[in-house]
Amino acid sequence: TTIEEVGSTGVGALTLAFLALTVSTCVMIAKAASSGPEHRKYYFLNVYICGISAFAYFAMLSGQGWTAIAGCRQFFYARYVDWFMTTALIILQLGLIAGQDFVSIAAVMGTDMLMVLAGYMGAVSVVTTVKWFWFILGLSLFMPVIYSLARTFRETVITRKDPEMIELYGKIAWLTIILWAFYPVVWLFSEGFASFSVSFEVVAYAIMDIISKVVFTFMIVSAHDSLAAPSMAPAQSREYV
């Protein structure tokens, strides 16, 4: 039986993504090493966001991290290992910049990780009804994640009354929300209906990964001065008489 595998265009996309993420990782390491403690935590998160993804792309580029799924189609499970960790780290980064409390951040991160797991289970499911159950479950988990980024975290950053941080959060949060909204669409026509070729699927995911991680992290670097502000919302001051 012939397995539909990634073609030359897809390999080119894997190569470009690997190089972009590797260079970004090196830049973030350099920034972390030359920054003070307040900035360093953001850059270290950027290191892991880009570095973990670079590992996954190297695995896919070198012929690892894949298996054949129903329909004799090449399926790169390495990207789900990547997403399971890096999307949670992106949420952590957004939460720190917003000044959100850690319990709320952890809750959104957990929901996000379950969402990625549901996507993986749907992709490897052989039974059609089971596949679409996992897809719908993943979408139902996706909604509270998006709501938290668009509403809950944003309301928190607004209370800080720091125009630069509000602007930074708005830019990177909406970049994330818009890009993440395209992932289930690609999944629908790739792992779902298998309408897209494996190469087209790889190219689409690579483009979205580069923008949602490389562009995301460099937008944070460009706001270096704004990051000096406290990462968590200040506690209410009390006046004693």
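**Exercise 1. The salt bridge of Arg73 and Glu201**

Task: In this predicted model, determine which parts of the chain the salt bridge between Arg73 and Glu201 ties together, and classify Arg73 and Glu201 as buried or exposed.

Solution:
1. The contact is made by the side chains of Arg73 and Glu201, with a distance of 2.8 Å from N to O. A salt bridge requires a distance within 4 Å, so the pair qualifies.
2. Arg73 belongs to strand S2 (residues 73–75), whereas Glu201 belongs to helix H7; the pair therefore ties together parts that are 128 residues apart in sequence.
3. Buried means under 20% relative accessible area. Arg73 has 4% and is therefore buried. Glu201 has 1% and is buried as well.
4. The pair belongs to a network of salt bridges that links Glu4, Arg73, Arg79 and Glu201.

**Exercise 2. Two further salt bridges**

Task: State how many salt bridges the structure holds. Then describe where the partners lie in the pair Lys213 and Asp82 and in the pair Lys171 and Glu167.

Solution:
1. The structure holds eight salt bridges.
2. Lys213 and Asp82 meet through their side chains at 3.1 Å, N to O. Lys213 is in helix H7 and Asp82 in helix H3, 131 residues apart, and the pair links distant parts of the chain. Lys213 and Asp82 are both buried.
3. The side chains of Lys171 and Glu167 form a salt bridge at 3.3 Å, N to O. Lys171 and Glu167 are four residues apart in helix H6, which means a separation of about one helical turn.
4. For accessibility, Lys171 has a relative accessible area of 46% and is partly exposed. Glu167, at 47%, also counts as partly exposed.

**Exercise 3. A side chain contact to Lys213**

Task: Which backbone oxygen does the side chain of Thr217 reach, and is Thr217 buried or exposed?

Solution:
1. Thr217 is located in helix H7.
2. Its side chain reaches the backbone oxygen of Lys213 at 2.9 Å.
3. The relative accessibility of Thr217 is 0%, so Thr217 counts as buried.

**Exercise 4. Classifying aromatic pairs**

Task: Classify the ring pair of Phe75 and Tyr80 and the ring pair of Tyr80 and Trp83 as stacked, tilted or edge-to-face.

Solution:
1. A pair of aromatic rings is described by the distance of the centres and the angle of the planes. Centres must lie within 6.5 Å; planes under 30 degrees apart count as stacked, over 60 as edge-to-face and the rest as tilted. By this rule the count comes to 16 aromatic pairs.
2. For Phe75 and Tyr80 the ring centres are 5.5 Å apart and the planes stand at 45 degrees, so this pair is tilted. Both Phe75 and Tyr80 are buried.
3. For Tyr80 and Trp83 the centres are 5.0 Å apart and the planes stand at 65 degrees, so this pair is edge-to-face.
4. Tyr80 and Trp83 are three residues apart in helix H3 (residues 78–98), about one turn of the helix.
5. The relative accessible area is 5% for Tyr80, which is buried. Trp83, with 8%, is buried too.
6. Elsewhere, ring pairs link Trp132, Phe135, Trp187, Phe189, Phe193, Phe196 and Phe200 into a cluster.

**Exercise 5. Helices H6 and H7**

Task: What is the relative orientation of H6 and H7, and how do the residues of their contact divide?

Solution:
1. The axes of helix H6 (residues 163–192) and helix H7 (residues 198–222) cross at roughly 170 degrees and come within 10 Å.
2. Angles over 145 degrees count as roughly antiparallel. H6 and H7 are therefore roughly antiparallel to each other.
3. The contact residues comprise 17 nonpolar, three polar and four charged ones.

**Exercise 6. Positive phi in two loops**

Task: Locate Lys161 and Ala194, give the phi of Lys161 and of Ala194, and assign Lys161 and Ala194 to accessibility classes.

Solution:
1. Lys161 lies in the loop between helix H5 (128–159) and H6. Lys161 is not a glycine, yet has a positive phi of about 55 degrees.
2. Ala194 lies in the loop between H6 and H7. Ala194 is not a glycine either, and has a positive phi of about 60 degrees.
3. Exposed means over 50% relative accessible area. Lys161 has 70% and is therefore exposed, whereas Ala194, at 42%, counts as partly exposed.

Note on methods:
Residues numbered from 1 in each chain as written. Predicted model: local features only at pLDDT ≥ 70, side-chain atom pairs only at ≥ 80, totals over all residues. Heavy atoms only, no water. Phe/Tyr/Trp six-rings, centres within 6.5 Å; stacked < 30°, edge-to-face > 60°. Buried < 20%, exposed > 50% of the residue type's maximum accessible area, 1.4 Å probe, protein only. Axes fitted to C-alpha atoms, helices over the stretch in contact; angles between N-to-C directions. Parallel < 35°, antiparallel > 145°, perpendicular 65-115°, else oblique. Nonpolar A, V, L, I, M, F, W, Y, C, P; charged D, E, K, R; others polar. Polar contact = N/O pair within 3.5 Å; in protein donor to acceptor, adjacent residues only side chain to side chain.
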